[in-house]
Amino acid sequence: MSQAVILPLLLPLAAAILLLLTRRRISLRVRRGVNLGATVLALLAVLWLLVLVTGEGILVYQVGDWPAPYGISLVADRLSVWMLLITALLACCALYYAVQGTDRGSRHFHPLFQLQLFGLNGAFLTGDLFNLFVFFEVLLLASYGLLLHGGGRARVRAGLHFVVLNLAGSTLFLFAVGTLYGVLGTLNMADLAIRVADTAPADVGIVRAAGLLLFTVFALKAALVPLYLWLPAAYAGTSAPVAALFAIMTKVGAYAILRVETLIFGDAAGPLAHLIEPVLLPLALTTLGVAVLGVLAAQGLRRQTAYLVVLSVGTLLTAFALGTRDGIAAGLYYLPHSTFAAAALFLLADVIARGRGAMGDRLEPGPAVPAAPLVGGVFFLVAVLISGLPPLSGFLGKWMLLQAALERPAMPWIFALVLSAGLLTIVALARTGSMLFYRAAAGGGDASALALVSGLASAVGRDDPSQRSDGWRCDIGAPAMRAGPDWKRLAPVLALTGLCLALVAAAGPVTAFTAATADALLAPERYIEAVLGGVVGGR
């Protein structure tokens, strides 16, 4: 059964190679079919792997049958399979949106999409730091190509900042892994967990510096304050399906922080135990505060969504920074919610921008979108999800986080920032919905929707909404737009929203899974023994 571990890597890699070799010989329709087929097969492989890991425990695949710590180890445990499942579901939705027309204009979009999945899956499955660096580089190359898909000055500028900062992060990553290898003689994470605990007193300072360098790199990938400035422009400037797929990119950094902190610098690490715990919680809370200001100040829906991604990173790492079973479990429940909700809002922002013509996604009164009641209803649902209002998945994740923080000294700060960020997010998204749907230009809205608003206003004794105090007039008697909803583009938005609702419907099994995952992370002995086998006993 350990052979199943490598399938999430082989499938996207094989598909990417096939698409690259045949990109000039096959039509766009065939490329779409190959990409969609490979992505769905990868999802099925991940579901199979989830069943195996849930039933049999940790699965290890030693590439080339070289024993650890000398060879390349691929490790599938509950955490890595959870991340793989989130990525596969997100990829299916983003790709379905892309094949509606966003993928036109370049033969390289589809192979780059599969290379991106290869890099993501490899980062979650690898069992050593050097190959984590390798998969980070694959991610960087593929994401740069996807970021620039479609061209344009804004994308090139945002892409340049993205690449420069990530290349700087890659350089620091090499310094860190080189230092660890020079001092400890290994980069296998299970082996590092043993050797860090046995670090000589004279080497503790060097290993601590290397560990903090690693944290800096992962914080850059996660867009943690103050290393988040590259994200809003990059995510807001690229195409909608790419931005939706990038919603998981920051979670790669959060995953790496959680993995390294619990495995290498866990309770058994001696003087290096909980290396980043003193700085992670303050930075996560600061990220919350800064990101919500960006959400309030954003002038476009896509940029606002990008800041919501940064906000979700702050919330997620606040949960992880608690370092307890309940805190980690809350973060692992919140992680898929925040990923799917942000991706849905990126895709919906593109639907809205297409319907508004030259106004795009600017948060200004403009022409109403086709099928405004339907699109507005979907926006309302996504806004409620991403704001964390009850009884949906965002609320449950934050509720679990606040419960986990009750016994912590920083509890007042956590409560204040998490709750105030949620309240200000509601205010910002309410203003956004008003600009995009309520304050629609005269003659551009749907008559039935405006009549419904008028009736509701009259029922509560308020003024007719066709006469607004700010001078903006909505003509209720205008004919409804004939254009119907673009169901092919709305379908992935609804699918991502449905995944968030599924987190609520299956809250019991999902929270049981995340709690068991947290237990396994806080007791890494089984991981170490599964990777090293008899070596751990001899050591």
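# A tour from the Pro-226 loop outward

Select Pro-226. This residue sits in the loop that links helix H8 (204–222) to helix H9 (230–237). Helices and strands here are DSSP runs, numbered from the N terminus: H or I with at least four residues for a helix, E with at least two for a strand.

Before moving on, note the ground rules. The model is predicted, so local features need pLDDT of at least 70 and side-chain atom pairs count only at pLDDT 80 or more, while totals for chains, interfaces and linings use all residues. Numbering starts from 1 along each chain as its sequence is written, and side-chain values use heavy atoms, with hydrogens and water left out.

## Stop 1: the H8–H9 loop

Show the backbone from Val-225 to Pro-226. The peptide bond between the two is cis, with omega at about 5°.

Now pick Ala-223, in the loop between H8 and H9. What is the sign of its phi? Positive: phi is about 65°, although Ala-223 is not a glycine. Ala-223 has 0% relative accessibility, so it counts as buried. The classes are: buried under 20% relative accessible area, exposed over 50%, partly exposed in between (1.4 Å probe, protein chains only).

Step to Trp-230, in helix H9. Buried or exposed? Its relative accessibility is 5%, so Trp-230 is buried. Show its surroundings. Setting aside neighbours within four places in sequence, Trp-230 contacts Phe-162, Leu-165, Leu-220, Lys-221, Ala-223 and Tyr-235. Contact means heavy atoms within 4.5 Å. Ala-223, picked a moment ago, is in that list. Add Val-164 to the selection. Its C-alpha is 9.5 Å from that of Trp-230, and the two residues are 66 apart in sequence.

## Stop 2: a second cis bond

Jump to Pro-391, in the loop between helix H15 (372–387) and helix H16 (393–404). The bond joining Pro-390 and Pro-391 is cis, with omega of about 5°.

## Stop 3: His-274, Leu-293 and Ser-338

Select His-274, placed in the loop between helix H11 (249–263) and helix H12 (277–297). Phi is positive here, about 55°, and His-274 is not a glycine. At 31% relative accessibility, His-274 is partly exposed.

Move into helix H12 and pick Leu-293. With 55% relative accessibility, Leu-293 counts as exposed. Draw a distance to Ala-428: the C-alpha atoms are 9.7 Å apart, across 135 residues of sequence.

Next, Ser-338, in helix H14 (residues 325–355). At 3% relative accessibility, Ser-338 is buried. Leaving out neighbours within four places in sequence, its contacts are Lys-251 and Ser-312. Thr-315, 23 residues away along the chain, has its C-alpha 9.5 Å from that of Ser-338.

## Stop 4: two helix pairs

Two packed helices are described by the angle between their axes and the distance between the axes. Axes are lines fitted to C-alpha atoms, for helices over the stretch in contact, with angles from 0 to 180 degrees between N-to-C directions.

Select helix H1 (residues 7–21) and helix H2 (residues 28–56). Their axes come within 9 Å and cross at roughly 175°. H1 and H2 are therefore roughly antiparallel, a label for angles over 145 degrees; under 35 is roughly parallel, 65 to 115 roughly perpendicular, and the rest oblique. Show the contact as sticks. From H1, take Leu-7, Pro-8, Leu-11, Ala-15, Leu-18 and Leu-19. The H2 side includes Arg-31, Asn-35, Trp-48 and Leu-49. The contact of H1 with H2 holds 14 nonpolar residues, 1 polar and 1 charged. Nonpolar covers Ala, Val, Leu, Ile, Met, Phe, Trp, Tyr, Cys and Pro; charged covers Asp, Glu, Lys and Arg; the others, Gly among them, are polar.

Now take helix H3 (residues 78–102) and helix H4 (residues 109–125). The axes come within 9 Å, crossing at roughly 170°. H3 and H4 are therefore roughly antiparallel too. Among the contact residues are Met-83, Leu-84 and Leu-95 of H3, with Phe-109, Phe-113 and Phe-124 of H4. This contact divides into 12 nonpolar residues, 4 polar and no charged.

## Last stop: zoom out

Show everything. The protein has 22 helices and 2 strands. Its radius of gyration is 24 Å, close to the 24 Å that the globule rule gives for 539 residues, so the protein is as compact as a globular protein of that length. The radius is taken over C-alpha atoms, and the rule is 2.2 Å times the number of residues to the power 0.38. The C-alpha trace spans about 80 × 60 × 40 Å along the principal axes.

Colour by accessibility: 57% of the 539 residues are buried. Then look at contact range. Of contacts between residues at least 6 apart in sequence, 78% join residues at least 24 apart.
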